[in-house]
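Please open the model in your viewer, with a cartoon for the backbone and sticks ready for side chains. The stops below each name a selection and then describe what is found there.

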Amino acid sequence: MKVTQENAGENIALLKIEIAQEDYKPAVSKAIKEYAKKAQMPGFRKGNVPVSLVEKMYGRQVLAEELNKLTGDAIYQHIQDNNLDLIGSPLSNDDKTGDIDFERQTDFTFYFDFALKPTISLELEKVAVTQYAIEPDKEMLEKYQKEICQRYGKFESPEKVENEKDLVFGKLEELNEDGSIKEGGVNSYTSIAIDMIESEEIRKSFIGKQKDDIVKFQYREAFNNATDMASMLRISKEEAENFNALVHFTVSGISRMEPHALDEELFAKAFPNDGIKTEKEFTEKLRSDLMKTYEKESERKFLVDCFDTLIAETAVSLPKEFLARWISANSEGKTSEEEVLTNWENYEKSIKAQVIESELMRVNNVEVTREELVEFVKTNVLAPYFPEGTTDEEKDERAKKIEETSHFFLDKKEQAQQIAQAIMDEKLVKLLKEKTKVTSKKITLDKFVKLLTKEEK
């Protein structure tokens, strides 16, 4: 077998694969004999069908399969041996190959086109990008502080409903139109979070109520989610969807979450390893936490801005017609070459980004290893789902289960690719921060969101 590469245009190569009879005949003969061992035909016992008859029936199919395998192997080996960096994958050049006569031909020649990644020069030191630090405003800090106080607060059982954050327990009964209790109607002991009631008027009717007090209301005006209604009323979801009755609720108890006081005890519970002593230190910790929360969004924008600049300022010569054909061929009939060419600007930007990312990785020796994939999945995906052990044996068992599950998780190609891209993005952000001219700028979340919205338009 002979493989030769010819230049077919700027960053386009033509691969010629010449296959002689001696290249495929041994494998084809072996395959035909295997077919003969398994073939079942009228008039012959299984395994006794003449090889000549099997060859006549299946020879063309076996030959085509072997030629397909040989060309695939030849293309792969040629790319590896010559260290070729491609855009996309090779496409058969049917015009050059012509018609194949499997009955009469003994030697075969196949042609394939492929696009070579262009040589580009990345001048990262000239790229100027803004890195936004999203600064939480007073309202965000107060809301976060309130959430923590609630999280570490304690439940109390007051005598009277005083605000819409209270939770009431009691018996809910369906009524007839005249206000009497409906025989065989809905009757259940349940709890109601007052702030979840949709009607303001009904919410207010609970304020001031005590044990044994009754609140009468039209149920559908208070709740409209069939799933929640079914759970509360102890009926099926289908029944809940049609339930629209007058009910009364007899209060049997009240529960209230009393927020934790803003003191050292709260600071220690919320952030046990930070040694926070004062309210000012606590507020700064909240600020830092919130900034970290939005750091990923900021880094995502930083990466997009870097690539937008590199795409605009880097000369990347792409073989447009070939790539249009390749995109169309890989779209499973969803996109024609004409449609690709009509929307070429969008496709071009995406392919340029891939070329630039590939070059960044090559020049700076950036890669994602299997060990990094496993560690990322263990720490960021699986760990929260496995409870911490208290004994050494429980901890070892937890670590073993997480390790085993991480490999199972990564066996799914799509999931593995998503994780690999997430790790790669982190590495590229770190690299670009080191290599480009970065200007740090503080910005509020509202302004940051407006900035993103404006750019999307």
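Begin by selecting M41, which counts as buried because its relative accessibility is 14%, under the 20% cut-off; bear in mind throughout that this is a predicted model. M41 sits in the loop that joins α1 (21-38) and α2, and, leaving aside neighbours within four places in sequence, M41 is in contact with V49, L53 and M57. If you also pick V54, which is 13 residues away from M41 along the chain, the two C-alpha atoms turn out to be separated by 9.8 Å.

Next, select helix α2 (residues 51-81) as a whole, and follow it as it lies across β1, β2, β3 and β4, running at about 135° to β2. Those four strands form an open, antiparallel sheet in the order β1-β2-β4-β3. Because β1 (2-9) and β3 (86-92) stand at the edges with a single partner strand each, one side of each has no neighbour in the sheet. Neighbouring strands here are turned by 25° against each other on average, direction ignored. Within the sheet, zoom in on β2 (residues 12-19) and β4 (residues 108-116), which pair in the antiparallel sense over eight bridges; I17 is a convenient residue to label, since its bridge partner in β4 is F110.

From the sheet, move to helix α12 (residues 320-329), where the buried residues are F322, L323, A324, I327 and S328. What do the buried residues of α12 pack against? They pack against β2, β3 and β4, and also against α13 (337-342) and α14.

Now select L318, which, not counting residues up to four places away in sequence, touches I87, P118, L323, W344, E348, I351, K352 and V355. L318 is also among the residues with the most contacts inside the largest nonpolar core, a set of 33 residues, together with I351, I356, L360 and L432. The elements giving two or more residues to this core are β3, α11, α12, α14 and α17, and α11 gives the most, with six residues. A second, separate core of 26 residues can be located through V161, I194, A222 and F223, which are included in it.

Finish at helix α17 (residues 413-435), whose 23 residues reach 32 Å from the first C-alpha to the last, close to the 33 Å expected at 1.5 Å a residue. Its buried residues are A416, I419, I423, M424, L428, V429, L431 and L432, and the elements covering them include α11 (295-313), α14 (344-363), α15 (370-382), α16 (392-410) and β11 (437-444).

Key:
Residues numbered from 1 in each chain as written. Predicted model: local features only at pLDDT ≥ 70, side-chain atom pairs only at ≥ 80, totals over all residues. Heavy atoms only, no water. Pairing = 2+ DSSP bridges. Axes fitted to C-alpha atoms, helices over the stretch in contact; angles between N-to-C directions. Contact = heavy atoms within 4.5 Å. Expected span 1.5 Å × (residues − 1). Buried < 20%, exposed > 50% of the residue type's maximum accessible area, 1.4 Å probe, protein only. Core = buried A, V, L, I, M, F, W, Y, C linked by side-chain atoms within 4.5 Å.
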